[in-house]
Amino acid sequence: MKGFKPSAPILLLLPAFVVLAAVVLVPLLLSLYSSFTPFRLTRPETFFVLIGFRNYVSILSNPDFWYAFGRTVLLLTVALNLEMLLGLGLAMLVEKATRGQRILRTLMMFPMMFSPILVGFQFKFMFNDNIGLVNNALQSFGITQDAIPWLIESHLAFTAITIAEVWSSTSIFAILILAGLLAMPKEPIEAARVDGCTPWQTFRYVTWPFVMPFAYIAMTIRSLDVARAYDIVKIMTDGGPAGRTELLWTLVGRTAYSDARMGLANAMAYFSILLSIAFTVYFYNKLAAARAQIGAEW
Amino acid sequence: MDENASARLTRRALTVAHRVGLFLAMLLICLPGIWIVLSSLRPTVEIMAKPPVWVPQQLSFDAYIAMFSGIGKGGIPVLDYFRNSLIISVTSTVIAVAIGMAGGYAFARYRFRGKSGMFLGLMLTRTVPGIAMSLPLFFVYARLGIIDTHFGMILAYVALNIPFTIWLIDGFFRQVPKDLAEAAQIDGCTRWQAFWQVEFPLARPGIASAAIFAFLTCWNEFALASQLTRSVNSKTLPVGLLDYTAEFTIDWRGMCALAVVMIIPALTLTYIVQKHLVGGLTSGAVKG
């Protein structure tokens, strides 16, 4: 090792690696190991018993797990697409505004400041079947006389969760897409108009390709913490009624802490980690592709 | 003439439609927040009233007074929670930004092997869901005896924030032209001096916004905090919200009041930082 001198970037990155290794990597390896044991918090000695893939087998043959898995993917797909569409619409509305753009932009970011758990409580309050804002408004306007059981009936509960999730995250898309719209040069749009494009064609073939990388940045950022939805669901329904809104993450939490079956929960947690990684890598690649398309160097 | 008139009419209709659309969208965005503030000021009787009372009859700060008046008088140890939140968030933000500056500078200024792979790898550590992360952390922390301590929470939050601060700060350093630092070095600065006297001041607004973003992440985090904290020693505000829930009932008014207390710092900070934040996230997208 004579004369070994680590290069500057490695030295600079070292602290980051050390912390991440200590807090993320090592615990993850530990949990990988414990997913092969019947480890229960209440019986520490079970930590050293290896049972091979039995946890994974019992998960994979458990329909509840697959329902939770499917529901998680469904929620993410629906929510991300809605957020994207609404965010795009909102950004275009604000971009068109001639006055007060600063104020509009600030208002637009309002939901970003809410802690997900706060969003959960807020919407639990608003969707409360007895005193919630939503039912009160519906009844006052005479749309319905009944108290709609928003958080008690399974499909409605899923809808309510989706609404809360969309409310809290649309602004990330809107603000980033707006940044794209504002940064966009105006000449191509004018050229397209002179050449006789309809507004739709102008949008589809000129504006959209330019804004797309910004949309993918938003997607990447969102996919970094899709599990924010855990806080919202935990508060709003806690997986209820009867497990009908159980997501992967709430299932992991319940198995680990209520049932104290750490080994099993860790095996499940690995599926949720894989899911998150899949989402992130997918959008990250899309982002790189979109950047290449508008001729930016990586 | 007729064509002109109809074109003008369409145009005006479009303007009105745009205004209405904008107004409705903003209403939807702000309504939940306004509702929370309003509910925190109304007596519980009014919140629970059936048929609903739309126009508040009486407003008071009772909920806030009760909250701060301590345990036993309808209060929760909100000052303790607030202090914990503040200590944990500020300390971990400072550390995360220091580490993020080093990392971001490395990514923005040096070329080395496996750079993009390393960048993606860093990001991937952030994708591990909080609840999945909390299982092994809980176990490790329990062994080390740092559950329910400030140190444990700070360590976890630093790790949580590093990937994102590196991403943001990397973007801001890339916006600072390389030539400036080189010019300073030709004029006799060391690389270290060039960094502190030229590049750092130019990237400072961006670094500040990365700091605020990290702070907000800590301030709002729940999944990890709910498992790694136990008592007033280290419980943070988001976990403290649960104090207002009982098995079957929720004190909505008290909770709304605590929510307002939680949101005010976040609101102020985000307002200060909003412009730079977007710049940092997108700076890599267009210019590469």
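**Reading a predicted two-chain helical model**

Biologist: I began at B:D148, a residue of the loop that joins helix 6 to helix 7 in chain B. What is the phi of B:D148?

Modeller: A good place to start, with the reminder that this is a predicted model. As a general idea, most residues other than glycine have a negative phi. In this case, B:D148 has a positive phi, near 65°, although the residue is not glycine.

Biologist: Which residue in chain A, other than glycine, has a phi near 60°?

Modeller: That is A:A260, and its phi is positive. A:A260 sits in the loop between helix 11 (248-258) and helix 12 (262-293) of chain A.

Biologist: How do I read exposure, and how many other C-beta atoms lie within 10 Å of B:D148?

Modeller: You count the neighbours: 20 or more other C-beta atoms within 10 Å make a residue buried, 12 or fewer make it exposed, and values in between make it partly exposed. B:D148 has 17 such neighbours, so it is partly exposed. A:A260 has 14 other C-beta atoms within 10 Å, and therefore A:A260 is partly exposed.

Biologist: Helix 6 of chain B also packs against helix 1 of chain A. At what angle do they pack?

Modeller: The angle is about 100°, and the axes are 8 Å apart. Angles of 65 to 115 degrees count as roughly perpendicular. Helix 1 of chain A and helix 6 of chain B are therefore roughly perpendicular to each other.

Biologist: Which residues make that contact between helix 1 of chain A and helix 6 of chain B?

Modeller: Helix 1 of chain A brings A:P27, A:L28, A:L30 and A:S31, while helix 6 of chain B brings B:L135, B:P136, B:L137, B:F139 and B:V140. Sorted by class, this helix contact has eight nonpolar residues, one polar residue and no charged residues.

Biologist: Let us widen the view to the two chains. How many residues does each chain put into the contact?

Modeller: Chain A puts in 73 residues and chain B 66 residues. On the chain B side, several helices each supply at least two residues, including helix 1 (2-41), helix 4 (78-109) and helix 7 (150-175). Helix 12 of chain B gives the most to this side, with 16 residues. By class, the side of chain B that touches chain A has 51 nonpolar, 13 polar and two charged residues.

Biologist: What domains does the assignment give for chain B?

Modeller: Domain 1 spans 2-60 and domain 2 spans 68-287. Their centres, taken over C-alpha atoms, are separated by 34 Å. The contact takes seven residues from domain 1 of chain B and six residues from domain 2 of chain B. On the domain 1 side, helix 1 of chain B gives the most, with four residues. The side of domain 1 of chain B that touches domain 2 of chain B has three nonpolar, three polar and one charged residues.

Biologist: Where in chain B does UniProt place the feature "transmembrane region"?

Modeller: The unreviewed UniProt entry lists residues 20-38, 86-107, 119-142, 154-173 and 255-273 of chain B. You can set such records beside the model. Residues 20-38 of chain B are 100% helix and 0% strand, with end C-alpha atoms 25 Å apart. Residues 255-273 of chain B are 100% helix and 0% strand, with end C-alpha atoms 27 Å apart.

Biologist: And which residues of chain A carry the feature "domain: ABC transmembrane type-1"?

Modeller: An unreviewed UniProt entry puts that feature at residues 69-283 of chain A. Over residues 69-283, chain A is 74% helix and 0% strand, and the end C-alpha atoms are 20 Å apart.

Notes
Residues are numbered from 1 along each chain as its sequence is written. Chains are lettered from A and ligands numbered from 1 in the order in which they are written. This is a predicted model: local features need pLDDT of at least 70, side-chain atom pairs count only at pLDDT 80 or more; totals for chains, interfaces and linings use all residues. Two residues are in contact if their C-beta atoms, placed from the backbone, lie within 7 Å. Ala, Val, Leu, Ile, Met, Phe, Trp, Tyr, Cys and Pro count as nonpolar, Asp, Glu, Lys and Arg as charged, and the others, Gly among them, as polar. Domain bounds come from an automatic or database domain assignment. Axes are lines fitted to C-alpha atoms, for helices over the stretch in contact, and angles run from 0 to 180 degrees between N-to-C directions. Angles under 35 degrees count as roughly parallel, over 145 as roughly antiparallel, 65 to 115 as roughly perpendicular and the rest as oblique. UniProt positions are given in the numbering used here, feature names are shortened, and annotations may be inferred rather than shown by experiment.
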